[in-house]
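Trainee: I would like a close look at one part of this model. Please keep to what can be read from it.

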Amino acid sequence: MRIAGWSFGKSAARLAVLPAIAILGCAMWLMLPQASDAEGHSTATSPEVTRVTQDTSGNDDTAGVQATLSSPAPSTASPDANPAPAAVAPLDIAPPETVESAKSSLDGLKIISQSWRRGGLGSKALVTFTLRNANDYAVRDIEIACAFKRRDGSHLTDRRRIIPDTVNMRSRKRYAGMLVGFVNVNANKAKCSVVTASRI
């Protein structure tokens, strides 16, 4: 029994030493020099090839091998080949106050009075309106757009019509009972406005 107990104690001591050896091995492995993650990424993604030089000492046999990374060689391309975006001279842009916008032919052209009624068994919209041209030039091919609504004000439909006529400068012209299209029987209100016109 004593021999068995002694042999059992010896194996227990061996088992206790194994974790200590494992911990010591891990500590030594962690203390070894390794390339950091940043160096690994920089060398893997860098387009330029780095040069590794080895410095060995002939006098000392126990001296370790030292590896040094040389800095990448400076680029031989001329600085003018790839100019910086900040070096580009800004374009000359006139201030907004000095830019003159082109005058539209619609600036002085508008409908000053309008009304509408039904025609053709109640399905056609006949609009009566007066156009005023306050411009210093005549206009023609005037397009009007009329929006029809229900009694409660909700939008129902839109209709457009081009008037192949000329309105002289600084004048008014009345159009009575002009057909702008078919409308829904629920339409109760209409509002027309000038959309386009050609300058003469």
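Trainee: How many residues lie between S3 and S4 in their hairpin, and which residue in the turn has a positive phi?

Mentor: The hairpin of S3 and S4 has four residues between its strands, and the turn residue with a positive phi, about 60°, is glycine 120. The model is predicted, so local features need pLDDT of at least 70 and side-chain atom pairs count only at pLDDT 80 or more, while totals for chains, interfaces and linings use all residues. Residues are numbered from 1 along each chain as its sequence is written, and side-chain values use heavy atoms, with hydrogens and water left out.

Begin with the strands of the hairpin. Strands here are DSSP runs of E with at least two residues, helices are runs of H or I with at least four, and both are numbered from the N terminus. S3 covers 109-119, and S4 covers residues 124-133. The two run antiparallel and are joined by 10 bridges; strands count as paired if DSSP finds at least two bridges between them. Three of the positions can be followed across the hairpin. Isoleucine 111 of S3 faces leucine 131 in S4, serine 113 stands opposite threonine 130, and serine 115 has threonine 128 as its bridge partner. In a regular strand, side chains alternate between the two faces of the sheet.

The hairpin belongs to an open sheet of three strands, ordered S3-S4-S7, with antiparallel pairing. S3 and S7 (171-182) are its edge strands, each pairing on one side only. From one strand to the next the twist averages 20°; axes are lines fitted to C-alpha atoms (for helices, over the stretch in contact), and angles run from 0 to 180 degrees between N-to-C directions. On its S7 side, S4 pairs in the antiparallel sense over nine bridges. Leucine 131, already met opposite isoleucine 111, also stands opposite lysine 173 in S7. S4 is mostly covered, with eight of its 10 residues buried; buried means under 20% relative accessible area, exposed over 50%, and partly exposed in between, with a 1.4 Å probe and protein chains only.

Past S4, the chain enters the loop that leads to strand S5 (139-149), where asparagine 135 is found. Asparagine 135 counts as buried because its relative accessible area is 2%. The side chain of asparagine 135 makes a polar contact of 3.1 Å with that of asparagine 133. A polar contact is a pair of N or O atoms within 3.5 Å; within protein, one must be able to donate a hydrogen and the other to accept it, and residues adjacent in sequence count only if both atoms are side-chain atoms.

S5 takes part in another open sheet of three strands, in the order S6-S5-S8 and again antiparallel. Strand S6 (155-167) and S8 are at the edges, and each has a single partner strand, so one side of each lacks a neighbour in the sheet. Here too the twist averages 20° from one strand to the next. S5 and S6 are linked by 10 bridges in the antiparallel sense, among them the pairing of cysteine 146 with arginine 159 in S6.

Cysteine 146 also forms a disulfide with cysteine 192, at an S to S distance of 2.0 Å; the criterion is a pair of cysteine sulfur atoms within 2.5 Å. The link joins distant parts of the chain, since cysteine 146 is in S5 and cysteine 192 in strand S8 (residues 189-199), 46 residues apart. The disulfide is right-handed, with 105° about the S-S bond, and both cysteines are buried. A search of the whole structure finds one disulfide. Cysteine 26 is partly exposed because its relative accessible area is 48%.

In S6, threonine 157 counts as buried because its relative accessibility is 15%. Its side chain makes a polar contact of 3.1 Å with the side chain of arginine 159. Threonine 157 touches Cys146, Ala147 and Phe148, leaving aside residues up to four places away in sequence; contact means heavy atoms within 4.5 Å.

As for the whole protein chain, its secondary structure comes to two helices and eight strands, running α-α-β-β-β-β-β-β-β-β from the N terminus. Of its 200 residues, 18% count as buried.
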